[in-house]
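Reader: Can you walk me through this one? I'm new to reading structures.
Author: Sure, take a look first.

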Amino acid sequence: MSLIKKAIDWGTRKSPWIIHFNAGSCNGCDIEIVDALTPRFDLERLGILQRGTPRHADILVCTGAVSLQTKDRLKQIYDQMPEPKFVIATGTCACSGGVFDGCYCVLGGIDRVIPVDVYIPGCAVRPEAIISAVVKLLGALEAQQKGGGKDAERRSDYSTVGREIQSFEG
Amino acid sequence: MQNEEAIIQQLVEKFSLLKDKLHVPRAKRIVSDFLTREEFEQVLPYVREEMGFYRASHVLGTDEGEDLGFIYLLTNDEGIIFALKEKAPKSNPKISSLSGEYPSLEFHERELVSLFGAEVEGLPKGPPYPLPDGWPEGNYPMRKEWNQEYFDPHTMTYNPPAETQKKEAEKSD
Amino acid sequence: MTEYNRVVIPIGPQHPSLKEPACFTVTLEGEKIVDAVIGIGYNHRGIEKACESRYYTQIIYLLERVCGICSHTHTTAFCQGVEELAGVEIPRRAAFIRVLVAEIERLHSHLLWLGVAAHEIGFDTMFMYTWRDREAVLDILAELGGNRVNYSINTIGGVRRDIDDSLKQDILKMVDALEEQVKYYRELARSETTLAARLAGVGKLSREDALKYGAVGPVIRASGVDFDIRKVDPYAVYGEIPFKVVTDTHADVFGRTVVRVLEMLESIEIIRYCLENMPDGEITAKAPRRIPAGEVISRTEAPRGEDIHYIRSNGTEIPDRVRVRAPSEANWHAMKQMLLGQYLADVPITIAAIDPCFSCTDRAIAVNSGRETELMDWPRLRQYSVDWYKKRGIDVSSVKMPERRSYF
Ligand code: SF4
């Protein structure tokens, strides 16, 4: 492993930066994400920083059942993020459509558009759950970096909701 | 202070066409029956200028079978909501825009255009609202005959089963 | 000035709000905004169509998720509308609990707003303070409904959770501690000159314009109109609760801040009154499954303003039409008026001041200056605004927040 790769791995593991994207949620989960970043829960103590632009971020924290209008934007943001990148689907409606399942203007889940690493069910999710998801992801990341496993394995191993990851184009 | 009954009385005296068409379901509410476009346009300026309903909270569309209904929620200083209703046939769903008198209706009128397929005459140009870009034309999701089960959000196409398509074709023949 | 000197800036589209993240296109002459076009609809999910194929009780949970921040208000408006159609009268205790939860929700929503607004002007200490205080409110809501957001208190015919003695004591303790904090924020708003200098005169909306463009809630009250559904058209037990409608005549962002802070103090009083005067008894009345045909217009005062629900029943278990006019929808129209004549640096706080449920910090802005296209995002616009004011000697982040007693 080259030194630079080692440095990047270490950096991703120790201080992942997140970007938050609202893909048609009810805002319930969004405020809980901000909550997780404020004094009571304080995600920053894990080295996590919220960033404004996708190009600086390692983890995409996504809420909402993906309304049609945000579909392309979600893809764009995901594409703009540098590798290695990870996606956390926050909230039941981001996992499966939840309460909005069957509405004509939603796709029903983040994983219909981009691959998801961790699913956090809950409507709304509690900040504790968000912290737990991030910790899980970091743990998985470390295991993967050490074991040199493939991306696909990591994804199916650490999905908290049993659900097949579909294939995605572009 | 005007109360609901007094408002109705004054309106009916002025416009005989409104006789028996205004109701007070409860305090602070006045609801009219559906009026045609001509009737509506006759009544509205008076309601706005003389009766003090100079604020508009909302206009919402409804599906009335053969017609489209438009319900304007107007408010006066006392907080009475006057639901003034207008109706236009689906075959020719034309109404005039009120966004000049009531600027607060602009987005709601755009919504009527996108969701119900109404033709709002005089609505200033602007971005459509609220349907996504690339929405198939001629699909008005809030009309009753539009069944969301036939809509595929992934491809944004509307595929009614063959039977209903045939029926519709027969109807229009 | 000629057209040549004008710069068009699209802000958005991921600009979150209740149902509708918005895309603003502002046109600048120098640093002044001369035109603004608002494009909304990014968060359209098709809730209203979905309502036409669900049972009344299912719809409560769907409408609760129109907005996760004022979830209780939406269900209150819907339930009281359906109850009116069905001719059901809810028990008095249930009505008191509805009011109580609505006011607790107002506290949480206004604290949230105060934090976000502080963040937008670069006053992050205050942001952290208010969000910490907000946790106390959320704890109560979690204990009451079992969830921190979307607590599902309402049902058709009453409420689903009762308040027992220990919870009552907890709530009283919470509001006592919170009152002290809010009074401190009030002092801050009144006496801190930097804050006043940063907020006064920004986002002006005259009384006439507020009425004409149909603004609601704290926005219109800050323009000097005492329009509050709780007084104008009292629902639940608001008719018998003594409280003041807070108004202000500043008609700018400063006024909106003052109104919200003072409203929190009123809410605390209402909560105390409710706990004291709540009668014993049932919390639900029996409601029929089939709702008699008819139509109803129901409205409530959400933390952000007047919330209107239109419900039409055709005599079955499924409604014929449900329409929700959320308060932010009404405030967008006035937004343009507030932006005109402002500086670009004031855009973040002006938009934040109508409280469009800010939550997402990711918004891309492309600056189109002549031939070049520059890409700018919301944090950079925010940073630009903070720096712009710093250069002019207004730096709110230097305001000292004293050590406060913590009650966690
Ligand atoms: S999971 Fe529930 S609370 Fe979270 S965004 Fe979706 S609907 Fe809102």
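Author: Start with helix 3 of chain B, residues 106-116, where nine of the eleven residues are buried. Buried means under 20% relative accessible area, exposed means over 50%, and partly exposed lies in between, with a 1.4 Å probe and protein chains only. Helices here are DSSP runs of H or I with at least four residues, strands are runs of E with at least two, and both are numbered from the N terminus.

Reader: Which residues of helix 3 of chain B are buried?
Author: They are B:F107, B:H108, B:E109, B:R110, B:E111, B:L112, B:S114, B:L115 and B:F116. After the helix comes B:G117, with a positive phi near 75°.

Reader: Where do these values come from?
Author: This is a predicted model, where local features need pLDDT of at least 70 and side-chain atom pairs count only at pLDDT 80 or more, while totals for chains, interfaces and linings use all residues. Residues are numbered from 1 along each chain as its sequence is written, chains are lettered from A and ligands numbered from 1 in the order in which they are written, and side-chain values use heavy atoms, with hydrogens and water left out.

Reader: Back to phi. What is the usual sign?
Author: Most residues other than glycine have a negative phi, and most peptide bonds are trans.

Reader: Which residue other than glycine has a phi near 70°?
Author: B:K28, and that value is positive. B:K28 sits in the loop between strand 1 (22-23) and strand 2 (29-35) of chain B.

Reader: Is B:K28 buried or exposed?
Author: Buried, because its relative accessible area is 18%.

Reader: And what is the phi of C:S152?
Author: About 50°, so again a positive phi in a residue that is not a glycine. C:S152 lies in the loop between helix 5 (124-145) and strand 4 (154-155) of chain C. C:S152 is buried, at 12% relative accessible area.

Reader: Now peptide bonds. Where is there a cis one?
Author: Between A:C123 and A:A124, with omega about 0°. A:A124 belongs to the loop between strand 5 (118-120) and helix 5 (127-147) of chain A. A:C123 is partly exposed, with a relative accessible area of 29%.

Reader: What's around the ligand?
Author: The shell includes A:C123 and A:A124, along with A:S25, A:C26, A:C29, A:G91, A:T92, A:C93, A:F100, A:G122, C:R65 and C:N150. A residue is near a molecule if one of its heavy atoms lies within 4 Å of it.

Reader: Why call the site shared?
Author: Because the residues surrounding the ligand come from chains A and C.

Reader: How does that shell split by class?
Author: Six nonpolar, five polar and one charged. Nonpolar covers Ala, Val, Leu, Ile, Met, Phe, Trp, Tyr, Cys and Pro; charged covers Asp, Glu, Lys and Arg; the others, Gly among them, are polar.

Reader: How many disulfides are there?
Author: Zero over all chains. A disulfide is a pair of cysteine sulfur atoms within 2.5 Å. As for one cysteine in chain C, C:C70 is buried at 0% relative accessible area.

Reader: What is chain A made of?
Author: Six helices and five strands. Along the sequence the pattern is α-β-α-β-β-α-β-α-β-α-α. Chain A has 170 residues, and 55% of them are buried.

Reader: And chain C, what does it have?
Author: 14 helices and ten strands. Of its 408 residues, 68% are buried.

Reader: Pick one buried residue there.
Author: C:W113, at 1% relative accessibility, counts as buried. C:W113 is in helix 4 of chain C. C:W113 and C:F127 are 14 residues apart in sequence and 9.2 Å apart in space, C-alpha to C-alpha.

Reader: Last topic, cavities. How many of 30 Å³ or more?
Author: Nine. A cavity is a set of points on a 1 Å grid over the protein atoms alone where a 1.4 Å probe fits but cannot get out, and lining residues have an atom within 4 Å of a point. The second largest has a volume of about 120 Å³. Of the 14 residues that line that second largest cavity, the closest to its centre are C:L114, C:M126, C:L195, C:L199 and C:T257.

Reader: Which helix gives the largest share of that lining?
Author: Helix 4 of chain C, with four residues. The lining of the second largest cavity has 13 nonpolar residues, one polar and no charged.

Conventions:
1 Å grid on protein atoms, 1.4 Å probe; cavity = no way out; pocket = protein on both sides within 12 Å on 5 of 7 lines; lining within 4 Å. Points joined across faces, edges and corners; volume = space filled by probe spheres on them.
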